[in-house]
Amino acid sequence: MTSRLSSRSRWHGQFTTCAAALIALVSVAAGPLRHAAAQDAVTQLAADQSLTTASVDAYVEQAALRDGIELPPLVDDDLFLRRVSLDLLGRIPTREELLQFRRQPDRAALVGQLLAHPEHAQFWSRLWTNTLIGYGQSPAVDREALRRWIERRFTDDQAFDETVFQLISAEGSAAFDGATNFMLRHARDPVVPVGRIFLGVQLDCARCHDHPTDRWTQSDFEGMQRFFAGMRPRQPSPGNYQLQDVSVQGNVPQFLTGTKPRTVRWRQELALMITTSKPFARATANRLWYHLMGHGISHQPDAVNGGGRSVDFALIESLAEQLQRDDFCWKSMVRQLCLSQTYQRRLSTSGESWHLLPTAKPMTPDQLFVSLHTAMNEPIVERRRGQFTRAATSASLDQPFHNAWQSQEPLGALMGRMNMPLPNPNLSTKQLFEQVLTRDPTDEQERLCQDQPRRNVLFALLNSNEFYFWH
Amino acid sequence: MFDTSSLVELLLWSTLRLSLLVFAVSCVLRLSRVVSPRVHRWLWSAALLQSLILAPWVVSLPVLDLPTATVASPATSALPQISNTRAQPTQLTDAQAQSLDQSIAGGLRPAAWGNPPPRMLIAIWLVGCGAVSVLLAASQWTVWSMLRRAVPARAAWQAQLDGLASQWGLRESVPLRVHHSLGPLLARSPRGYRIIVPRGPWEQLTPGQRQAVLAHELAHLHRGDVWKSLLMRLVAAAHWFNPLAWWAVAKFDEAAEWSCDAVVRQQSDRSAANLAAALLQLTAPSPLVRLGVSSARGNHVGIRVRKLVSSKQDKESKTMKFIALGLAASMLVFGLLRVQLVAQAQTNPPAAASIQQELRALLSTISESEDDLLQDFGETLQSRSGQLILEDHLRRESSAAVQELQANVIDMILDEHFDVTENSARLKTGSEELRERLVAAGKQSQQDMADLLTTCRNLAERLHGDDETTGLVRRFLESNSGATFLYLSVLRDRMQPGMAMFGKSLGKVMAPDTDGTFHIRPDAQERVQAIVDLRETAEKVCGRLHQELASWTGELTPDDEFNQRLKERAQDPLLAALIVAEPLFEKQSVRMSMVHQLLDQLDSLAVDTANGLEIPAESRQEITRLMDRFDAIQARVNVVRQALAEARSKISTSGNLEQEFRRLLETDVALMALSQGTEMANASAEDLVMSVLGEALEQSDGQLTLVKNTDMREKIHEQVQNAMREMRVARRKAGPVRDVAETIDDQELADALRSPGGLLVIKKLAEKKLSDAFHRTYLDWHAEMFSEDAGQLQFRGEHARQLAQDLIDRAQEMDRELSNNDF
């Protein structure tokens, strides 16, 4: 009996081993085939369909199959509210907004309301101002004039390509013609920021030499540089700057597509070349994705049109084409992405991020400044915003936008440095959680906070990663 | 759906017209002294009837220039960024055109239609019309009901009336009714006309008087005055809110009375006298007679009596009648036509408008054309590529013109302002303002330059060294060019009071617009608002602090030099202003409590003794520093005050914040705040020159040498060479100006033309002319390309069509090239 059992067991073991080996063999053989088929499917999906919320989701689902990723579930209403509030208004929602949304949890309506909210244009104007001229101060630049100009563009829902055209081709006074400040800030070296921000190419190396692995040569850089040869910043009175173009002669500039200008208005023609180009549409789409999801489809956002193309370049291309079809309507694209399931999915629980899923991102200094005041239910003192931003960014003051998320200082230390006293709110634990973290406390958290002074609970919540991160 | 806005507009337009015409008719009748009742009736009825014409025939009268549309401040002469191919905000839409049209025609229309919604206004108007109609109907009903109460007249009275009626040729008898109070009047009842007379007064009249009154009423019947009067009342009902309309109706009725009086008068003088006597006996009628035609309307009875007994009508001039009737006819025409002042169609757009406006106007005109090529051209100009191609074309065209202009611009300016012959020159009439500018600038620069020339020559003498660079610098300083160059390039701003003196402070909050007017910078508006909000508080704190300081220093002892100095300073209100300036401008925080805090601080520094307050020596240092600072500012305060007044005059007066800021700059606190950082305001000529050359010179034992650093010396060498070259060029260019100065009789003007200040004025005029060159090129191009025929824009010949086609082709080529849009 024992031997028979033993024999059966041995046979069973051998069978199991063989079967496992066979399955493994089939899997290995079929893997590349399945991957290739999935890739074809997603590429076809992107190419065939005009982009809609559903098609983004379909693409991402196919891509997840391709990469063997299990897509996480959607976030609950509270977290969705927090996400879109941070992304569209630049702050966490107030407790009243949370309670109202709980009564009418219509996500599409919410996104529409936030896009029409005045704070939306204010927040995005700050975001783009920092992207365009960094956080640093420059005597020739009127930051507020630029910000207000961008805010008006967002408020009026102006086409984004038209906004960029004006930024690149602007002439006039720094104080009164806000768009001129971008070029005034980069008057000495405009090619690199224009390339990075609007074309998604990095021409930094080409400024000095032909980099062995880079596509762009010094000649390409010089061709681009010539477009700005007629640009003349001037200072008509102390502290006031203007930007004008003069006619220049000599070597004719050349755009990265090889196109040369046909007029004497080189900078204006460059602006037209950029805003009608596909790389511009791709860079814009990828940057928007980057802002909402925490990283670009192609990371970094200023190298989307660089040498190595993303495996999901087709999605970028599809988004870009949709942008062009929508006449670069920024809000339309934001609405579609925010309402996609992709945006609404939880962060990966495995700890590994996947480039087409949202990833946790720390708040920008602007988001942090306003969110802190919202969480503490304190009015915002505008003149402290600049001080806070400088304190929060410290060493990386003049870095481009994407580095602004890399602030390392603990929030408590920052608040101490900024002399921001904590209030002692007369709120229950549940109310405090709603106000700071936009959710209810767990039973355990409720119990732990029960006998604690309110100020301490507030301090703990503000210093939590959950507050500090978009998640 | 009818457009309520339009209806309100038409109604208001009609009201305005009616009011104007009633006023005009009144004036004409009074001035012309026309007494003919018929003329009066025609004029009043014309004035009333024309108000019914709500939708007149619009006649455009091209007399005005196109008004300027609101555009962003054009910083450059670049072509407008009108729109991309999708967004179309620039081409005038129909609504915009209509709005523009309305704004142009505003001269003849009521300026503002008010804020209430048009529908509400229409509703109010309709309710009013309805109410007045009901009142009219109610009055009519009352008359009818009174008629029912009236009794038939005695047979003799009726027979008298019948006899008269037969004389008038009336086929039907008119019943005569007697009422206890109503009448005499002619009324229309459902059963026909009735003449009503008041029993009491009627019995008092003689038969002749009765006959005259009845003849008067029959004249009303014969003329159909009842219906005419009703018609006028209905017209006035549409203008129920306009008292002038009702007044015109009353005048119309009055003229009807005169007409019927005239009929009686024509019968015989006796009848006229009888009627006059009857009128005087009959009392004023009841208000209910409005819907009848009364022969004894109480008002103006005296006038009627005078007319009845006067002989003037017989002598009235026919010319005056024709004039008055012509006026009546023109009123109707005035009502039928609406003269609308519109932009004068111009082949050459007005020079004052900017290119942005020109192009917008051009696009709006093109959109109305039926020429396919012109339409294509308009579409091309709406695209980015089209605009770039056109601008490129114009810039290439203007390039040659600018070069030509650069060579001749000084001569052109001189030709514009001076009559120059071989041996004499004289200022042209109309250029007096330029003369004033030249003389003022010339005197100022001569005054400034006198010390600078001496200083530069002294420096040249003191400069030691035999090397090439030192020799060059010495030559530069010895020549007039050196001082002139330093003056024009740097020192003029520092020496002359003005906005430039406050660059570090005001420059942070203000910026010049393209026209040179200073505005508050957008990013500084909140800060400036916070400061100007504290102006009144700051002035109060200053006043209080001044009093307290004077009082506190009054107790100081002993009477030594320090205390005396402090007491003197404390008497000056500017010291308090200096103390308040910093918290106001730096921290935007001024409170009355700071007076107490400061006095507490002073108290803590001082010690009370038997003789008074004593400030110990160790506490005097801080106060001494404050007094030194104050004295330094005091020494230049007058210059700074003048500069501040000059700066204030350059601030825009359009914005509220700018106006408040101007007021703030009039205060002592602002003066003291802005005085800081103006150390060069009263510097000597040598200090000023050294502030520029200081880095290049070293001083030891009273001798000056150039710096030893080789790089620095090379830089100095190059800069001085450039400066001398620039001055030589400037001198050559100023040759024609010097020629004029040599031959002109006006010595003051001649001196001004030779001075650096005068030359600077001419240079600015030249720069202005050059900056307008691009605009002029556009105007020339427009004139070359287009002409206008019967209000339609068209190409001026085949050459223009070819040019337009070239531009379209170039834009299409650019678009094709742009389609290569990837890398």
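Among contacts in chain A between residues at least 6 apart in sequence, what percentage join residues at least 24 apart? The figure is 66%. Keep in mind as you read on that this is a predicted model.

**Chain A**

Let's begin with the make-up of chain A, which has 23 helices and 5 strands. Its length is 471 residues, and 45% of them are buried.

Three of the strands of chain A form an open sheet, in the order E1-E3-E2 and with antiparallel pairing. Strand E1 (172–173) and strand E2 (231–237) of chain A are at the edges with a single partner strand each, so one side of each has no neighbour in the sheet. E1(A) is joined by 2 bridges to strand E3 of chain A, residues 240–245, and the two run antiparallel. If you would like a pair to look for on screen, A:Gly172 stands opposite A:Leu243 in E3(A).

How confident is the predictor here? Chain A has a mean pLDDT of 85, with 85% of its residues at 70 or more. In residues 45–50 of chain A the pLDDT is below 50, and the model gives this stretch 13 contacts beyond near neighbours in sequence. Residues 400–404 of chain A also have pLDDT under 50, and there the model has 14 contacts beyond four places in sequence.

**Where the chains meet**

The contact between the chains draws on 39 residues from chain A and 38 residues from chain B. On the chain B side, the elements that give two or more residues are helix H15 (384–417), strand E10 (510–512) and helix H33 (797–818). H15(B) provides the largest share of that side, 9 residues. By residue type, the side of chain B that touches chain A looks like this:

| Residue type | Number on the chain B side |
|---|---|
| Nonpolar | 13 residues |
| Polar | 10 residues |
| Charged | 15 residues |

**Nonpolar cores**

Turning to the interior, the largest nonpolar core holds 160 residues, and those touching the most other members are A:Ile274, B:Ala577, B:Leu578, B:Val580, B:Ala581, B:Leu584 and B:Val669. Helix H22 of chain B, residues 573–587, supplies the largest share of this core, 10 residues. B:Val669 is a handy place to centre your view: leaving aside neighbours within four places in sequence, B:Val669 is in contact with B:Ala538, B:Cys542, B:Ala577, B:Val580, B:Ala581 and B:Leu584. There is also a second, separate core of 58 residues, which includes B:Trp44, B:Val178, B:Leu214 and B:Leu282.

**A buried serine**

Is B:Ser45 buried or exposed? B:Ser45 is buried, because 20 other C-beta atoms lie within 10 Å. This serine is found in helix H2 of chain B, residues 37–49. Not counting residues up to four places away in sequence, B:Ser45 touches B:Met232 and B:Phe252. B:Lys228 is 183 residues away from B:Ser45 along the chain, yet their C-alpha atoms are separated by 9.2 Å.

**A hairpin in chain B**

Last stop: strand E16 (residues 786–789) and strand E17 (residues 792–795) of chain B, which run antiparallel and are joined by 4 bridges. Strands of a sheet pair through backbone hydrogen bonds, either parallel or antiparallel. Within this pairing, B:Ser787 has B:Gln794 in E17(B) as its bridge partner. E16(B) and E17(B) form a hairpin with 2 residues between them, and B:Ala790 in the turn has a positive phi of about 50°.

Key. Residues numbered from 1 in each chain as written. Chains lettered and ligands numbered in written order. Predicted model: local features only at pLDDT ≥ 70, side-chain atom pairs only at ≥ 80, totals over all residues. Contact = placed C-beta atoms within 7 Å. Nonpolar A, V, L, I, M, F, W, Y, C, P; charged D, E, K, R; others polar. Core = buried A, V, L, I, M, F, W, Y, C linked by C-beta atoms within 7 Å. Buried ≥ 20, exposed ≤ 12 C-beta atoms within 10 Å, placed from the backbone. Pairing = 2+ DSSP bridges. pLDDT = per-residue confidence, 0-100.
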